[in-house]
Amino acid sequence: MLLCPLASAAPAAAQSKVNIEQNFADSLTTLPKEELAVSGGFYVPAYSSVAMSQGKLRVDFSVTLSVHNASETQSLVVKRIAYFDTAGKQVETYLKGQVALKPLATVSIFIPTDDVRGGTGANFLVDWAATGEIAEPVVEALMVGGVANAHYAFISQGRPTRTAGKK
């Protein structure tokens, strides 16, 4: 009887499905009607697995990607959040369509420890836009994991890949 709940547990791939529109409804606002005149993108390294002990041990990590609107006054449109594996193959996409973040609001994606599809060289691409000049968003990945009694946590900061100003 004790094994029944475990047998019905969803596989790692299903657990990573996120409904940003539903889970972060309080962080979102309506999409702006004005033209999106400013846009940019971020590359965010993530590590769902890390080799340790001279490469003889693999430690798996959960990954939380957070996208923060750093503007106090303007909405930030998030156009894409995509997750890629070590070989550069897209593993998952997390938006059904564009979403607009309220000023200073955040959305995040959680990848559980047992979802190692990303591997040692996993990464995210995050594309964003705004109607005008805006504070650049803050995009980071937090990895948490451990082996035996040792626990590790570290942050990987997103790196801008491009920013386009007004036309």
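Which side chain does the side chain of serine 49 make a polar contact with? I started my notes there, with the reminder that this is a predicted model.

**Entry 1: serine 49**

I looked up the partner and found the side chain of aspartate 60, at 2.9 Å. Serine 49 sits in strand S3, which covers residues 49–52. I then checked whether serine 49 is buried or exposed. I got a relative accessibility of 3%, and the cut-off for buried is under 20%, so serine 49 counts as buried. I also listed what serine 49 touches once residues up to four places away in sequence are left out: Arg58, Val59, Asp60, Val116, Gly119 and Thr120. Asp60, the polar partner, turns up in that list too.

**Entry 2: the chain overall**

I stepped back for the general numbers. I have 167 residues in the protein chain, and 39% of them are buried. For secondary structure I noted three helices and 12 strands. Next I looked at contacts with a separation of 6 or more, and 78% of these are between residues 24 or more positions apart. The accessible surface comes to about 9,300 Å², with 55% of that belonging to carbon and sulfur atoms.

**Entry 3: aromatic rings**

How many aromatic pairs does a search of the whole structure find? I got three. One of them joins phenylalanine 61 and phenylalanine 154, edge-to-face, with 5.3 Å centre to centre and 75° between the planes. The two partners come from distant parts of the chain, 93 residues apart: phenylalanine 61 is in strand S4 (residues 57–68) and phenylalanine 154 is in strand S11. I called the pair edge-to-face because its planes are 75° apart and the cut-off for that label is over 60 degrees.

I checked the cover on each ring residue as well. Phenylalanine 61 is buried, at 2% relative accessibility. Phenylalanine 154 is partly exposed, with a relative accessible area of 29%. I also found that ring pairs join Tyr47, Phe61 and Phe154 into a cluster.

**Entry 4: asparagine 123**

I went to asparagine 123 next, in strand S9 (residues 123–130). Its relative accessible area is 9%, so I filed asparagine 123 as buried. Which backbone oxygen does its side chain reach? I found that of glycine 121, at 3.3 Å.

Then I looked along the chain. Asparagine 123 and valine 44 are 79 residues apart in sequence, yet their C-alpha atoms are separated by 5.4 Å. Setting aside neighbours within four places in sequence, I listed the contacts of asparagine 123 as Tyr43, Val44, Pro45, Ala46, Ala82, Tyr83, Phe84 and Asp85.

**Entry 5: glutamine 98**

I found glutamine 98 in the loop between strand S6 (90–93) and S7. Is glutamine 98 buried, exposed or partly exposed? I have a relative accessible area of 37% for glutamine 98, so partly exposed is the label. Not counting residues up to four places away in sequence, glutamine 98 touches Leu31, Leu36, Val77, Val78 and Lys79. I also noted the C-alpha to C-alpha distance from glutamine 98 to tryptophan 128: 8.9 Å, for 30 residues in sequence.

**Entry 6: positive phi**

I looked at backbone angles next. Most residues other than glycine have a negative phi, so I wrote down two that go the other way.

- Leucine 104 has a positive phi, near 65°. I placed leucine 104 in the loop between strand S7 (99–101) and strand S8 (106–111). Leucine 104 is exposed, at a relative accessible area of 55%.
- Alanine 148 also has a positive phi, near 55°. I placed alanine 148 in the loop between strand S10 (138–147) and strand S11 (150–157). Alanine 148 is exposed as well, at 73% relative accessibility.

**Entry 7: a nonpolar patch**

Which residues form a nonpolar patch on the surface? I wrote down Leu142, Val144 and Ile155, with about 240 Å² of accessible area together. I followed up on isoleucine 155, which is in strand S11. The cut-off for exposed is over 50%, so isoleucine 155 counts as exposed at 52% relative accessibility. Strand S11 had already come up in my ring notes, as the place of phenylalanine 154.

Notes. Residues are numbered from 1 along each chain as its sequence is written. This is a predicted model: local features need pLDDT of at least 70, side-chain atom pairs count only at pLDDT 80 or more; totals for chains, interfaces and linings use all residues. Side-chain values use heavy atoms; hydrogens and water are left out. Helices (H or I, at least four residues) and strands (E, at least two) are DSSP runs, numbered from the N terminus. Buried means under 20% relative accessible area, exposed over 50%, partly exposed in between (1.4 Å probe, protein chains only). Patches are made of residues with over 30% relative accessible area and no salt bridge: like charges are joined within 9 Å, nonpolar side chains (Val, Leu, Ile, Met, Phe, Trp, Tyr) within 5 Å. Accessible areas come from the Shrake-Rupley method with a 1.4 Å probe; for residues, only the protein chains shown count as cover. A salt bridge is a side-chain nitrogen of Lys or Arg within 4 Å of a carboxyl oxygen of Asp or Glu. Contact means heavy atoms within 4.5 Å. A polar contact is a pair of N or O atoms within 3.5 Å; within protein, one must be able to donate a hydrogen and the other to accept it, and residues adjacent in sequence count only if both atoms are side-chain atoms. Rings of Phe, Tyr and Trp (its six-membered ring) pair if their centres lie within 6.5 Å; planes under 30 degrees apart count as stacked, over 60 as edge-to-face and the rest as tilted.
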